[in-house]
Amino acid sequence: MISYQALINEITAFYNNHIQVKKVGSDFVEQLSNFATKDEKYPLVFIAPITAIPSENTNSISLEIYCLDIIQKDRANITVILSDCHQILVDLFNFFTFSTNHSFDVIGQPSLNPLNNQLLDYAAGWVMTIDVDMSNWTDCQVPLITELPN
């Protein structure tokens, strides 16, 4: 069994060790601007929950993962930003798809959408929507004080 917190911890650990990423955070998407403008560390990665669907054996969670960097005044670096941020997000997908050092499975293919003039019109990058399956709880793992009658 893996919790949402454990999932976020694994993704955060991956990006904390990614040589290009300067800052990683997680919260609701409405908090992205606050997180991004707190300091000038870019490129940044920000993880936001979308939906969760529990079933008998798995718990599927959809996330939006943002990667943003600062646009130069003359926009001369826009192609570099789009290239680097795209690769940073694809790196996570590849790592979790092709390694066995994690406790969840990526479902299907993620989608990536470009972002322009985000965060008060000075950042660009991509947002990746990714779905993961985690093993679900069993009744043995429900934290009850006493056992309930059947």
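Asn-77 sits in the loop between β3 and α3. In this predicted model, Asn-77 is buried, with a relative accessible area of 13%. Its side chain reaches back to the backbone oxygen of Ile-70, at 2.9 Å. The points below start from this loop, then take in the whole chain, the nonpolar cores, the aromatic rings and one polar pair.

**The loop between β3 and α3**
- Leaving aside neighbours within four places in sequence, Asn-77 is in contact with Ile-70, Ile-71 and Gln-72.
- Gln-72 belongs to the loop between β3 and α3.
- Gln-72 is partly exposed, at 41% relative accessible area, whereas Asn-77 is buried at 13%.
- Gln-72 and Ala-123 are 51 residues apart along the chain, yet 8.9 Å separates their C-alpha atoms.

**Overall fold**
- The secondary structure amounts to four helices and five strands.
- Their order along the sequence is α-β-α-β-β-α-β-α-β.
- Of the 150 residues in the chain, 40% are buried.
- Among contacts with a separation of 6 or more, 57% join residues 24 or more positions apart.
- The chain exposes about 9,000 Å², and carbon and sulfur atoms supply 54% of that area.

**Nonpolar cores**
- In soluble globular proteins, nonpolar side chains tend to be buried together.
- The largest nonpolar core here has 31 residues.
- Within this core, Leu-7, Ile-11, Tyr-15, Leu-63 and Ile-65 touch the most other members.
- Helices α1 and α3 each supply at least two residues of this core, and so does each of the strands β2 (44-54), β3 (58-70) and β5 (123-135).
- The largest share, eight residues, comes from α3.
- Which residues does Ile-65 contact, leaving aside its neighbours within four places in sequence? They are Ile-11, Tyr-15, Val-45, Phe-46, Ile-47, Leu-89, Leu-92, Trp-126, Val-127, Met-128 and Ile-130.
- Another core, of 13 residues, lies apart from the largest one; its members include Ala-36, Leu-44, Tyr-66 and Val-127.

**Aromatic pairs**
- The structure holds six aromatic pairs.
- Why is the pair of Phe-14 and Phe-96 tilted? The ring planes meet at 50 degrees, so the pair falls between the stacked limit of 30 and the edge-to-face limit of 60. The ring centres are 5.9 Å apart.
- Phe-14 lies in helix α1 (residues 4-16) and Phe-96 in helix α3 (residues 78-98), so their pair ties together parts 82 residues apart in sequence.
- Phe-14 counts as buried, at 15% relative accessibility. Phe-96 also counts as buried, at 5%.
- Phe-96 forms an aromatic pair with Phe-95 as well, and this one is edge-to-face. The centres are 5.2 Å apart, with 70 degrees between the planes.
- Phe-95 is partly exposed, at 33% relative accessible area.
- Ring pairs join Phe-14, Tyr-15, Phe-95, Phe-96 and Phe-104 into a cluster.
- Tyr-15 appears in this cluster and is also one of the residues that touch the most other members of the largest core.

**Lysine over rings**
- Lys-23 lies over the face of Phe-35, 4.6 Å from the ring centre.
- The charged end of Lys-23 also sits over the ring of Tyr-42, 6.0 Å from its centre.

**Ser-62 and Asp-131**
- Ser-62 is part of strand β3.
- Is Ser-62 buried or exposed? Its relative accessibility is 14%, so Ser-62 counts as buried, the limit being under 20%.
- The side chains of Ser-62 and Asp-131 are joined by a polar contact of 2.4 Å.
- Leaving aside neighbours within four places in sequence, Ser-62 is in contact with Ala-48, Pro-49, Ile-50, Thr-51, Ile-130 and Asp-131.
- Ile-130 thus appears in the contacts of Ser-62 and in those of Ile-65.

Conventions. Residues are numbered from 1 along each chain as its sequence is written. This is a predicted model: local features need pLDDT of at least 70, side-chain atom pairs count only at pLDDT 80 or more; totals for chains, interfaces and linings use all residues. Side-chain values use heavy atoms; hydrogens and water are left out. Rings of Phe, Tyr and Trp (its six-membered ring) pair if their centres lie within 6.5 Å; planes under 30 degrees apart count as stacked, over 60 as edge-to-face and the rest as tilted. Buried means under 20% relative accessible area, exposed over 50%, partly exposed in between (1.4 Å probe, protein chains only). A charge sits over a ring if NZ of Lys or CZ of Arg is within 6 Å of the ring centre and within 35 degrees of the ring normal. A nonpolar core is a set of buried Ala, Val, Leu, Ile, Met, Phe, Trp, Tyr and Cys residues joined through side-chain atoms within 4.5 Å. Contact means heavy atoms within 4.5 Å. A polar contact is a pair of N or O atoms within 3.5 Å; within protein, one must be able to donate a hydrogen and the other to accept it, and residues adjacent in sequence count only if both atoms are side-chain atoms. Accessible areas come from the Shrake-Rupley method with a 1.4 Å probe; for residues, only the protein chains shown count as cover.
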